[in-house]
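Reader: I am new to reading protein models. Could you take one part and go through it closely, then show me what surrounds it?

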Amino acid sequence: VRLLETLVNSMSTALENARLLKETEQRTAELAVINSVQEALAKEMDIQAIYDLVGNRIRDLFDAQVVGIATFDHKTETEHIHYLIEKGERYYPVPRPLNTLRKHLIQTKEKVLINKNFEAVTAAFGLKSVPGTEPPKSAVYVPLMVGEKVTGNISLQNVDKENAISDSDVRLLETLANSMSVALENARLFDETN
């Protein structure tokens, strides 16, 4: 019995160590991604190049077929989509009125995560797909912030499966959104100064 208890305790310790090691490796990988994006952003002053850089990096990192980056014009209440890729195809949609979901992002300043029942959940927000694209089964919308103002959002969507976006995906996307917001504001100020 003592031998069995000792083996069980050793096995429990080994399993916990393995879990902690995996978690540490994941955090290390996330930090490496964040550092590489921040390093690239620090060198970039062209606004569209920033959208492309972050959008391409997000597309490579996540299990998502759709990546969108948009800014909001608060005066005209429109959304300008600067980066939109679905299943490898780039789209260039025209500006469109802010829908209820975008207004919700602006008011709450918090992400919107929809991992199941997408169409039912988004019906309340008045969300409509970009013409020619598929509606997702999972999506997250992370606000881009400058100070206390929501200036846009990054959207990550999976059109194949529900529950495709994990908590660690959301954390990493929020960190990238924060870095991108700073880089975009610096580029805007640089353009304004020139």
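Author: What follows starts with the salt bridges and then moves on to the cores, one threonine and a surface patch. Keep in mind that this is a predicted model.

Start with the count. The structure holds four salt bridges. Three of them are worth a close look here.

Go to Glu79. Its side chain meets that of Arg96 in a salt bridge, at 2.9 Å from N to O. Where do the two residues sit? Glu79 is in strand E2, and Arg96 is in strand E4, which covers residues 96-97. The two parts are 17 residues apart in sequence, so the pair ties them together.

Now look at Glu79 again. The side chain of Arg102 also meets Glu79 in a salt bridge, here at 3.1 Å from N to O. Arg102 belongs to helix H3, residues 100-108. Glu79 is in strand E2, so this pair ties together parts 23 residues apart in sequence. Put the two bridges side by side. They share a partner, and Glu79, Arg96 and Arg102 are joined into one network.

Is this network buried or exposed? Take its members in turn. Glu79 has a relative accessibility of 2%, so it counts as buried. Arg96 has a relative accessible area of 18% and is buried too, because the cut-off for buried is under 20%. Arg102 is also buried.

Compare that with another bridge. Arg90 pairs with Asp52, and their closest N and O atoms are 2.9 Å apart. This pair links distant parts of the chain: Arg90 is in strand E3 (residues 89-90), Asp52 is in helix H2, and 38 residues separate them. Arg90 has 26% relative accessibility, so it counts as partly exposed. Asp52, at 22%, is partly exposed as well.

Next, the nonpolar cores. The largest one has 25 residues. Among them, Ile58, Phe62, Ile69, Ile154, Leu156, Leu173 and Met180 touch the most other members. Several elements give two or more residues to this core. They are helix H2 (47-61), strand E1 (66-73), strand E2 (78-86), strand E6 (138-146), strand E7 (149-158) and helix H5 (167-193). Which element gives the most? It is H5, with nine residues. Notice two familiar names in that list. H2 holds Asp52, and E2 holds Glu79.

There is also a second, separate core. It has 13 residues, including Leu101, Ile114, Leu127 and Val150. Two of these names lead to a polar residue, Thr122. Leaving aside neighbours within four places in sequence, Thr122 is in contact with Ile114 and Leu127. Thr122 lies in helix H4, residues 118-123. At 4% relative accessibility, Thr122 counts as buried.

What does the side chain of Thr122 reach? One of its polar atoms lies 2.8 Å from the backbone oxygen of Phe118. The side chain also reaches the backbone oxygen of Glu119, at 3.4 Å.

Finally, turn to the surface. Leu3, Leu4, Leu7 and Val8 form a nonpolar patch there. Together they have about 430 Å² of accessible area. Take Val8 as one of the four. Val8 lies in helix H1, which runs over residues 2-43. Its relative accessible area is 45%, so Val8 is partly exposed.

To sum up, follow Glu79 first. It is buried, and it shares a network with Arg96 and Arg102. Then trace the cores, find Thr122, and end at the patch.

Notes:
Residues are numbered from 1 along each chain as its sequence is written. This is a predicted model: local features need pLDDT of at least 70, side-chain atom pairs count only at pLDDT 80 or more; totals for chains, interfaces and linings use all residues. Side-chain values use heavy atoms; hydrogens and water are left out. Patches are made of residues with over 30% relative accessible area and no salt bridge: like charges are joined within 9 Å, nonpolar side chains (Val, Leu, Ile, Met, Phe, Trp, Tyr) within 5 Å. Accessible areas come from the Shrake-Rupley method with a 1.4 Å probe; for residues, only the protein chains shown count as cover. Buried means under 20% relative accessible area, exposed over 50%, partly exposed in between (1.4 Å probe, protein chains only). A nonpolar core is a set of buried Ala, Val, Leu, Ile, Met, Phe, Trp, Tyr and Cys residues joined through side-chain atoms within 4.5 Å. A polar contact is a pair of N or O atoms within 3.5 Å; within protein, one must be able to donate a hydrogen and the other to accept it, and residues adjacent in sequence count only if both atoms are side-chain atoms. Contact means heavy atoms within 4.5 Å.
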